[in-house]
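Grab a coffee and open the structure viewer. Here are a few exercises to work through, each with a solution.

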Amino acid sequence: MVVQHDGASGPAAPKTSLDVLGRMPAWLAALGDGERLRRSLSSALRAAGDGQLKLLSCEPGRLRFEAGHWSGTYRAVVHDAGVDEPRTVLLRGTDQREPGPARPPRPGDRHLFGGRAWTTYLPDLGLDLRTEPPEPDLPAMALLADPDSARSLLEDGIQRSGPAWTGFRIRSCEPRVLRYKPGRGTVWYTLTYDDDVPRGRWPDAVVVKVYQGAKGRVSWDALRALWGSPMAQSAVAIAEPIAFLADHNALVQRAVAEEETLKQAIRRAVTDGSSIVRAELLATVRRAAAGLADLHGCGVATGTTRGLADEVDELRGVAAGLAVRVPDLDAGVEHLLGMISASAAVNPADPPRPAHGSFRPAQALLSRQGLAFIDFDSYCQAEPALDLALFRTSVRRLASGTRDRAALVDVSDEFLAAYRERGSVSLARLALWEALALLTDALHCWTKVRPAELPGAVAALAAHLGTAMPPAPRRPAEP
């Protein structure tokens, strides 16, 4: 089922705009090509006079476009002559393909490959490579990963969080790092207490999320406000906020049970699930939709307001940045954004409501205890179409890993139908927010160097523009 709205569909973007968006230069795609990188780096090592190293692989990790360059991590697996086991070297790569004379190669020193000072330049790729610095970019993670320092830090921070935690004492804690990437870390702690503490008085487990920037405070403020609202009685659980460790920009919350995410459940049911499994999935999706409607209707007014025009401006900025390196891209994206903005001008927005801000199937956790929503660090006031669009486009994007795309459409449409039984949303505005989400997916293929995903992302955007977009105002005829 395609989202329907009043009026005929507007014209799709000219083929040239989508063609430009879907045509990634070979030099950029090469930065995400592991085999191409392996060959190029192998040649550089041989040119440095080293025949004792055999590079087995060099796989790209997290690549991002920032300040006019692509940069990210590469995981190189190398076998040293005379050594039984291969070793892994983490490298930092930065795109340095500049106009003007070619830069001469800087051969690396074979004795230092993987050492702190090793560096080389791959002229065929325009890629500067050096050993990834081992120091974490979140100093608090070193403290939080150590059981003794974490116990003291948690105990002190929780005691200070309010009178409900007076006398809080931890006998021991067992940390488990769930996630760690630049700018963010998550640690799960299993806690034990003295024998005289009644079971259930304090949490058996807490989760600590460490941030860079303001998102930790956003999540803390949102969770505290939601816990004082009708959302606390929703059938969908949210984590109880316990403390905010301001000195470490870390949020402490009671752990919620998780056996799998809704994203994993969707993939499992669609790829190899029986009709019974799929029926269970649709029931879960309906509960998630009801929980989202509860969130939108809870009345919590905290958080900044986020509108469709803000998203358009943000994407315009991304395209302008990319245009420094890929000049044709800016005009193509600008045309698409102009179509969306013109249609938005004649399709009034729903009033802003409490919104998750990044609601996708991965933000819903499933367990025997029920369903829970997590990750409120993008919480805001927005049209309900924002969360609905992110969820629906994310579900349909899972089609790349399945053989049954129709089943994913069913999941997406069931979610919308269940939401509308409990909440309201303008379908015309939903189509616009979905167009922005799909365009964002396509641009992320550029900023994150994902050439294999780009054709599918552009095809999904093209299909949506051709079938679901609400009409834009027509230009008056020439006299």
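**Exercise 1. Is Cys 445 buried or exposed?** Work it out from its relative accessible area, keeping in mind that this is a predicted model.

Step 1: Recall the cut-off, which is under 20% relative accessible area for buried.
Step 2: Look up Cys 445, which comes out at 3%.
Step 3: Cys 445 is therefore buried, since its 3% falls under the 20% limit.
Step 4: Try Cys 173 the same way; its relative accessible area is 7%, so it counts as buried too.
Step 5: Now check for disulfides: a search of the whole structure turns up zero.

**Exercise 2. How many of the residues of strand β8 are buried, and which residues point which way?**

Step 1: Find β8 at residues 205-211 and check the cover: seven of its seven residues are buried.
Step 2: Sort the side chains. Ala 205, Val 207, Lys 209 and Tyr 211 point one way, while Val 206, Val 208 and Val 210 point the other way.
Step 3: Notice that Lys 209 is on the buried list along with the valines.

**Exercise 3. Which strands pair with β8, and in what sense?**

Step 1: Start with β7 (residues 184-192), which pairs with β8 in the antiparallel sense over seven bridges.
Step 2: Pick out one bridge there: Val 187 has Val 208 of β8 as its partner.
Step 3: Move on to β11 (residues 250-254), which runs antiparallel to β8 and is joined to it by five bridges.
Step 4: For a bridge on this side, Lys 209 is partnered by Leu 251 in β11.

**Exercise 4. Where is the largest nonpolar core, and which element gives the most to it?**

Step 1: Get the size: the largest nonpolar core has 111 residues.
Step 2: Locate the residues with the most contacts inside it, namely Leu 21, Leu 41, Phe 113, Leu 262 and Phe 373.
Step 3: Turn to helix α13 (residues 427-447), which gives the most to this core, 13 residues.
Step 4: Zoom in on Leu 262. Leaving out neighbours within four places in sequence, its contacts include Leu 281, Val 285, Pro 361 and Phe 391.
Step 5: Look for a second core. Apart from the largest one lies another of 26 residues, among them Leu 138, Ile 170, Val 210 and Ala 243.
Step 6: As background, nonpolar side chains in soluble globular proteins tend to be buried together.

**Exercise 5. What do the overall totals come to?**

Step 1: Count the secondary structure: 14 helices and 16 strands.
Step 2: Check burial, which covers 48% of the 479 residues.
Step 3: Add the surface: about 22900 Å² is accessible, 52% of it belonging to carbon and sulfur atoms.

Notes:
Residues numbered from 1 in each chain as written. Predicted model: local features only at pLDDT ≥ 70, side-chain atom pairs only at ≥ 80, totals over all residues. Heavy atoms only, no water. Core = buried A, V, L, I, M, F, W, Y, C linked by side-chain atoms within 4.5 Å. Buried < 20%, exposed > 50% of the residue type's maximum accessible area, 1.4 Å probe, protein only. Helix = DSSP H or I, 4+ residues; strand = E, 2+ residues; numbered from the N terminus. Contact = heavy atoms within 4.5 Å. Areas by Shrake-Rupley, 256 points an atom, 1.4 Å probe, with all protein chains shown as cover. Pairing = 2+ DSSP bridges. Disulfide = S-S within 2.5 Å.
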